[in-house]
Every structure is written in structure tokens, then in C-alpha cells.
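Please look over the structure shown here before reading on. The paragraphs below are meant to be followed with the model in view.

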Amino acid sequence: MITFIGHVSKDVNVVDGKREIAYGGGVVMGAITSSLLGVKTKVITKCTREDVSKFSFLRDNGVEVVFLKSPRTTSIENRYGSDPDTRESFLISAADPFTESDLAFIEGEAVHINPLWYGEFPEDLIPVLRRKVMFLSADAQGFVRVPENEKLVYRDWEMKEKYLKYLDLFKVDSREAETLTGTNDLRESCRIIRSFGAKIILATHASGVIVFDGNFYEASFRSWSLEGRTGRGDTCTAAFLVGFVFKKMSIEKATKFAAAVTSVKMRHPGPLRREDLEAISGDQYF
């Protein structure tokens, strides 16, 4: 089993001035991906009692969900430009942060920490969680995206050298990588971030994915739409974890598999769909 921990979100996505509301969040995108790819999947999240029904589609896709009570549901507005790596995000409302007692619901061989904003998953819970699981990964978004006057801005994670050493995998996109390292050379960023202790760095960018474990592995995304950009990194990370941790692929093969799955998902808004599976079943991706 793989467990994803993070807030679900009522997303307001603005693409070319067009507003669309979607019930999602990183845990939604990642969990549905891993479940459809055949891995038993669990989500631990927080939202209002009234919003639980809005996320029933998670269970429809085979995901076990633990909904923890919160007086608010996280809601984020994402405004996209023509560059898929560029977006402005605004935190409209926030569910309660996770606490150590919430970790009692954790189970499975692997856990992916997938917060949407800094403070949602307090960093001092990382070593506590490390002791409970065999494979621990996290998304940089929840440690570098900081709420300031409603806008989510990017700030360096001051405690990165203390906590990255607990992670088997750390996922970044090009903007997060530059925030953490000060360089826009993505390969160099991967080297620097890994020097802080994380064993594997997975970095997504507009054209594809780079994985670094001391050696570099790369794969390109194929056709995609701007509307399908939301959830790119979450889908890619989940697919990589499925390939590497559960299907026992090599890192090289898992990287290609992750890029293939993500390419299919980015053809449309929302998470991976059952009908997408046929497109990624052929060995041409490997």
C-alpha cells in the first residue's frame, strides 16, 4: 500500500481568462494515479464535513480515504499564463494543519507527503513519519510555497538541510528547484538538493522529467494541453513511485514510465482516467 497525506482542495483554475472549479489537490491526482496503476492506495486528508461528498470520486477510483474534520476546506486559485511552468496561486481558505496524532492512520510500504502550502504538514513530523515507513517521499511545494496576504509565494526552505536527509525521494519542479538552490540550471539544482541528504531527486519541467540518484535519467513528456497542466508533478511522482517501489522497475525504466503516464494525463484536465490506461499499456514507452 501507498499512503498520500495532504489536503484535498477546491481549486479554481484560470486558464486564458477562463475560470473552472475542480475538486482536487495533489493527493487526489497522485492517489488516483497509483490506484489506477494497480497499487492499493490510501489518502489521509482534512476538509469540512460538508465537502466530503465532493471527493467521493476518490473512492470510486478505488482509493481508501480517511477524512479528518476541519472547520475549513483548503481552496486555491491558480492562474496560468502561456508557459506551463508559470502560475500564480492564491490561498482562499485553509484546512487545519496535520498533527502527530493524525499519523496514527498511516500504513503501507510507502508514504508520500503532499502538502499544498508551507505549514500544512509541519516539518517536525517528518522524522516521526520516517520511523513508521519503509519508503518516504515528499513534494517540495508544501515546504517552499508560503501564504502571504492570500497569495502563495515561493521562499527557500530554511530547514531543508535538517529534514531532507529523512527522505528517500524529493520531488521539485523547475521553479521550486531554483527557489531551493538559487540556480536555474535544473541539473545543478538536483545535485545541490541531493547533497542535503535526499536519496533520489525527481524534477519536472515543461518538457519532461529528470531523476537524479547520483546519475541522471531523463524522459520527455509527449503531447499535452495547458488545461491538463494542473497535477503534472503529482501524477509524475505517483507513477514513478508505482514503477520503482511497487513494480520494481529500474530508475531508468520508472522515469520513462512516469513520463508516459503523465503525458497521457496532461491531454485533459483532472486526474488520470481509466480510459487512459490503454494508452500507457504498450511497451513502446520502455
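What follows goes through helix packing, then some buried residues, and then two loop residues.

This is a predicted model, in which local features need pLDDT of at least 70 and side-chain atom pairs count only at pLDDT 80 or more, while totals for chains, interfaces and linings use all residues. Residues are numbered from 1 along each chain as its sequence is written, and side-chain values use heavy atoms, with hydrogens and water left out.

Helix H1 (residues 26-36) is a convenient place to begin; helices (H or I, at least four residues) and strands (E, at least two) are DSSP runs numbered from the N terminus. The axes of H1 and H8 come within 8 Å and cross at roughly 35 degrees, where axes are lines fitted to C-alpha atoms, for helices over the stretch in contact, and angles run from 0 to 180 degrees between N-to-C directions. This crossing is right-handed, a word used when the near helix is turned clockwise from the far one by less than a right angle, whereas an anticlockwise turn is called left-handed. On the H1 side the residues that meet H8 are Gly26, Met29, Gly30, Thr33 and Ser34, and on the H8 side they are Asp234, Thr235, Ala238, Ala239 and Val242; contact here means heavy atoms within 4.5 Å. By class, four of these residues are nonpolar, five polar and one charged, with Ala, Val, Leu, Ile, Met, Phe, Trp, Tyr, Cys and Pro counted as nonpolar, Asp, Glu, Lys and Arg as charged, and the others, Gly among them, as polar.

Within H1 lies glycine 26, which counts as buried because its relative accessible area is 2%; buried means under 20%, exposed over 50% and partly exposed in between, with a 1.4 Å probe and protein chains only. Leaving aside neighbours within four places in sequence, glycine 26 is in contact with Asn114, Leu116 and Asp234. Glycine 26 and glycine 231 are 205 residues apart in sequence, yet their C-alpha atoms are 6.4 Å apart in space.

Helix H8 (232-246) also packs against helix H9 (251-265), at an angle of about 140 degrees and with the axes 8 Å apart. The two helices are therefore oblique to each other, since angles under 35 degrees count as roughly parallel, over 145 as roughly antiparallel, 65 to 115 as roughly perpendicular and the rest as oblique. H8 passes H9 in a right-handed crossing. Among the residues making this contact are Arg232, Cys236, Phe240 and Phe244 of H8 and Ile251, Phe257, Val261 and Lys265 of H9, and the whole contact divides into 10 nonpolar, four polar and two charged residues.

Another helix pair is formed by H6 (residues 174-181) and H7 (residues 186-195), whose axes come within 9 Å and cross at roughly 55 degrees. That angle makes H6 oblique to H7, and the crossing is left-handed. Ser174, Ala177, Glu178, Leu180 and Thr181 of H6 make the contact with Leu186, Ser189, Ile192 and Ile193 of H7, a set with five nonpolar, three polar and one charged residues.

Turning to single residues, threonine 41 is found in strand E4 (residues 41-47) and counts as buried at 1% relative accessibility. Its side chain makes a polar contact of 2.8 Å with the side chain of serine 34; a polar contact is a pair of N or O atoms within 3.5 Å, and within protein one must be able to donate a hydrogen and the other to accept it, while residues adjacent in sequence count only if both atoms are side-chain atoms.

Histidine 268, in the segment after H9, is likewise buried, at 8% relative accessibility. The side chain of histidine 268 makes a polar contact of 2.8 Å with the side chain of aspartate 276, and the C-alpha atoms of histidine 268 and glycine 228, 40 residues apart along the chain, are separated by 4.6 Å.

Two loop residues remain to be considered. Most residues other than glycine have a negative phi. Asparagine 149, in the loop between strand E10 (145-148) and strand E11 (151-154), has a positive phi near 50 degrees and counts as exposed at 80% relative accessibility. Lysine 248, in the loop between H8 and H9, has a positive phi of about 60 degrees and counts as exposed at 60% relative accessibility.
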